[in-house]
Amino acid sequence: MLVDTNNTEKKSSKLVNWGTVWGLIFATIALDLYINYRENSQDKEIYRTKYEVKASEADSLRAVKVELEKRLLELNQRETTAIEVSSAN
């Protein structure tokens, strides 16, 4: 019984070729998913950093607002006191 080795080599080489093609397709899809994941995580980091900067600016503005309101209150009290003193004379 003779086995046709030429025919089996063709079948196995076709199988290897299709396996290589599908392997490359899956590898490309996996690489694309990985790159998209990295881009999304980098975008999230950028947004998080921007948010933290804006939150810090807002906190600083709130602190300055409180300080300015105190100074305004002091100035209003001094003005009221000065008006009372001048009207009493």
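**Exercises: Trp-22 and its surroundings**

Trp-22 is partly exposed, with 46% relative accessible area. The model is a predicted one.

**Exercise 1.** Classify Trp-22, Phe-26 and Trp-18 by exposure.

*Solution.*
- Step 1. Recall the cut-offs: buried is under 20% relative accessible area, exposed is over 50%, and partly exposed lies in between.
- Step 2. Trp-22 has 46%, so this residue is partly exposed.
- Step 3. Phe-26 has 55%, so this residue is exposed.
- Step 4. Trp-18 has 55% relative accessibility and therefore counts as exposed.

**Exercise 2.** Find the aromatic pair and name its geometry.

*Solution.*
- Step 1. The structure holds one aromatic pair. Its partners are Trp-22 and Phe-26.
- Step 2. The ring centres are 6.0 Å apart, and the planes meet at 35°.
- Step 3. Stacked needs under 30 degrees and edge-to-face needs over 60, so the rest count as tilted. The pair of Trp-22 and Phe-26 is tilted.
- Step 4. Place the pair: both residues sit in helix H1, four residues apart, or about one turn of the helix.

**Exercise 3.** Which residues make the nonpolar surface patch?

*Solution.*
- Step 1. The members are Trp-18, Val-21, Trp-22, Ile-25, Phe-26, Ile-29 and Leu-33.
- Step 2. Together they make a patch of about 750 Å².
- Step 3. Trp-18 is located in helix H1, which covers residues 5-88.

**Exercise 4.** Describe the fold elements and the surface of the protein chain.

*Solution.*
- Step 1. The protein chain has one helix and zero strands.
- Step 2. Of its 89 residues, 0% count as buried.
- Step 3. The accessible surface is about 8700 Å², with 61% belonging to carbon and sulfur atoms.

Note on methods
Residues numbered from 1 in each chain as written. Predicted model: local features only at pLDDT ≥ 70, side-chain atom pairs only at ≥ 80, totals over all residues. Heavy atoms only, no water. Patch = residues over 30% accessible without salt bridge, like charges linked within 9 Å, V, L, I, M, F, W, Y side chains within 5 Å. Areas by Shrake-Rupley, 256 points an atom, 1.4 Å probe, with all protein chains shown as cover. Salt bridge = Lys/Arg side-chain N within 4 Å of Asp/Glu carboxyl O. Helix = DSSP H or I, 4+ residues; strand = E, 2+ residues; numbered from the N terminus. Buried < 20%, exposed > 50% of the residue type's maximum accessible area, 1.4 Å probe, protein only. Phe/Tyr/Trp six-rings, centres within 6.5 Å; stacked < 30°, edge-to-face > 60°.
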